[in-house]
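Here are a few exercises to work through with the model open beside you. Try each task before you read its solution.

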Amino acid sequence: MDQQQTNGRASPAILVPSDTRRRLLDSGDVLLVTRAPQAAAKPAPGQPGAASSYVPREPDVFIALFGDGRVMAFNGHVDLGTGIRTSLAQIVAEELDVAPDAVTMVLGHTEEAPNQGPTIASATIQISAIPLRKAAAQARHQLLALAAQHLQADVAALQVRDGIVSTADNPAKSISYAHLLRGRRIELPLSAGEVALKPVDQYRVVGRSTRRVDIPAKVTGELVYVHDMRVPGMLHARVVRPPYAGRDGGAFVGASLIVVDKASVAHLPGIVAIVVQGDFIGIVAEREEQAQRAARELRVQWKPQQPLPDMADLETTLHNLPSRRRELLRQGDAAAAFSRARSGDGVALERTYVWPYQMHASIGPSCSLADFREDGLTVWSGTQNPHVLRIDLAQLLQIDEGKIEVVRMEAAGCYGRNCADDVGADAALLSRAVGRPVRVQLTREQEHAWEPKGAAQLMRVRGSIDGEGELGAYDFITRYPSNDAPTLALLLTGAVPSEPRVLEMGDRTSVPPYRYAHTRIACDDTAPVVRSAWLRGVSALPNSFAHDAFMDELAHEAGADPLEYRLRHLDDQRAAELLQATAERAQWKARAAGSRGIAGMDGLLLGRGIAYARYVHSKFPGFGAAWSAWVIDISVDPRSGALTVNRVVVGQDTGMMVNPDGVRHQMHGNIIQSLSRVLKEQVRFDAQGVNSLEWGAYPILKFGEVPPVELVLMERQGEPPLGAGESASVPSAAAIANALFDATGRRFRQPPFTAEKILQALAAPAGRN
């Protein structure tokens, strides 16, 4: 029942029935490209995603063309507001040579779309779109072969426009795809090998900016979000979480609840059930306000827990965590290079960078609706990982995956892992308990407390330059405390072991992009302190912050211009061209220093910073997101510490851009979100856990603080497409830190760069940090 968009509009009344795949497989007047049923690929060791041996009953359908001219296309990823619904439709329309508004995309629905894993790591266009593109090309080849027979012409002599096949020398001699399919049923197996794709120089749809099909209904209020879902007989519920806000689940799994005093709310109207299972507590009522009141007034007693370590001193806390070290790269003789630099032949520096815990901070608290029946379970969810959620629900309820349908609905934005999966499992448990559909919505405080936080990170860097100012040695160790934040109901009911699974996700972009003669790179994988997982940019953003802020320090020691120094030590030609193009748009002036702590006539400190990065996944060397570069201009008021961003120029090389406007939208979103993260966002804790429980305690960037943004897009339409969902965020922190040094003469190595921190740094003697 995923929302469909057709002709640029989205209608809440047009829903994909859960038997669409079965009806497609049984229908006539259709061409299908399918894949035989198979278990989904297991996640790589140390990577997110749940393993399952479930094999669907029906083949996966990728493309369906109908005798009435319609086209349906299916992809296992979901649109999180990134515009992939539009871009995927463009890809299908291009390969089929049909109009984009003839294509209806079905995304993420577990009963209809193939299992292509979680929607993460900017992987949709560059990875999960590949079988869809191949399927569309296969369908086109088959239709051209049929048209050649009908028109009595060679395939090479045919041309297609908007689903009409004609001969090149006589366009009037034509036949439509729809006509070719009438009276036929064709099912093609998705090719396991290469398929001839349309040459890029023949593209008419891909590479052209297209209006996003989801926007009109969102603007007019027609779109049905998961929060809006209502079904007959539906009840409302609230959950009562343990008081250890956002603590790692292993601290309390299934063993902390002492007693629930059900009599304390027995006098309240509308209560249908109070469900207790392990440490899971849910209250189901006829009306939402009744469930809310009962959740507030229910008396619950919990066992005390050990206090958290000092989360205000993140550097010490992260440093003291038990860990397992993975050495990722070693080349040359770093020890000898450091020894030479310390003896006077160059300069050696040692620095520490600390990244804070941060929130997804979804504007709307997570919500879900579940309907448990004898024949199975349906869950309407804003999840980013529909097929993974299905695995969790099967484990939680001890039922077969084939009896669970996850319908992916639009929800509040999330780029990683908020509470959407948690609340879906809550709703499923409660629906089973009462035998009716149940809607669960979290409170703002619960969302802030329990969403898996973007992990904190500690980076220790040693580096040197030789007597000529050239890069010498680089020793980099990053510590990343994260697990995969198992769905809360699994933990609270005791359905999964309390020992957390430590994911190997701290190594993204851990290798610097610059040419060092001697290098050692290592990652310390640690268990979580608090409930944490992944947030946009994952470890690539903190690692790149350390790499490029440190690079700025080395350039300063070498007496070199920051741009020239980076270009001198880059072997990647595309990266160099991007940096040069971005700097040119920003009118970069070589060796032009900012205020460096000396205020101008207006009393402000001015600074400019530059940074470059590329999100690289070390587990999969061939996978990478786009190249990105920032130049940012800031001013600092030394009396208040207030930082104002005056201008941001961000360049990106995304390879082929399916929808250039979509790439621009992604870049803008990345820039605004990462400015907010770097300048404002940090989760604060007390001994019990998270205490940033409302917006006053967790401020985000306001509309009036959004600066002028200029974008530079590299024209690479002949190159493969790359992920654009995270790239522009990755250089952000380093660029801002470097601009702060240019303005104040002080180095900043621990975001967020608040006015309080800036004032504190300005009060310290220059050169002390």
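**Exercise 1: a pair of strands and their sheet**

C367 stands opposite Q441 in β21. Task: find which strand pairs with β21 in the antiparallel sense over 4 bridges, then place the pair in its sheet.

Before you start, note that this is a predicted model, in which local features need pLDDT of at least 70, side-chain atom pairs count only at pLDDT 80 or more, and totals for chains, interfaces and linings use all residues. Residues are numbered from 1 along each chain as its sequence is written, and side-chain values use heavy atoms, leaving out hydrogens and water.

Solution.
- Step 1. The partner is β18 (residues 367-373), which joins β21 (residues 438-441). Strands here are DSSP runs of E with at least two residues, and helices are runs of H or I with at least four, numbered from the N terminus; two strands pair if DSSP finds at least two bridges between them.
- Step 2. The open sheet has 7 strands in the order β13-β14-β11-β21-β18-β19-β20, with mixed pairing.
- Step 3. β13 (271-277) and β20 (404-408) each have a single partner strand, so one side of each has no neighbour in the sheet.

**Exercise 2: the surroundings of β25**

Task: decide whether the residues of strand β25 are buried or exposed, and name its partners.

Solution.
- Step 1. Buried means under 20% relative accessible area, exposed over 50%, and partly exposed in between (1.4 Å probe, protein chains only).
- Step 2. In β25 (residues 518-526), 9 of the 9 residues are buried, so the strand is largely enclosed by the rest of the structure.
- Step 3. Check both faces: one side holds H518, R520, A522, D524 and T526, while T519, I521, C523 and D525 lie on the other.
- Step 4. β16 (residues 323-331) pairs with β25 in the antiparallel sense over 8 bridges, and L329 has I521 as its bridge partner.
- Step 5. β24 (residues 471-481) runs parallel to β25, joined by 9 bridges; R479 stands opposite D524.

**Exercise 3: residue classes in a lining**

Task: how do the residues lining the largest cavity divide by class?

Solution.
- Step 1. Ala, Val, Leu, Ile, Met, Phe, Trp, Tyr, Cys and Pro count as nonpolar, Asp, Glu, Lys and Arg as charged, and the others, Gly among them, as polar.
- Step 2. The lining has 20 nonpolar, 14 polar and 3 charged residues.
- Step 3. By element, α16 gives the most to this lining, with 3 residues.
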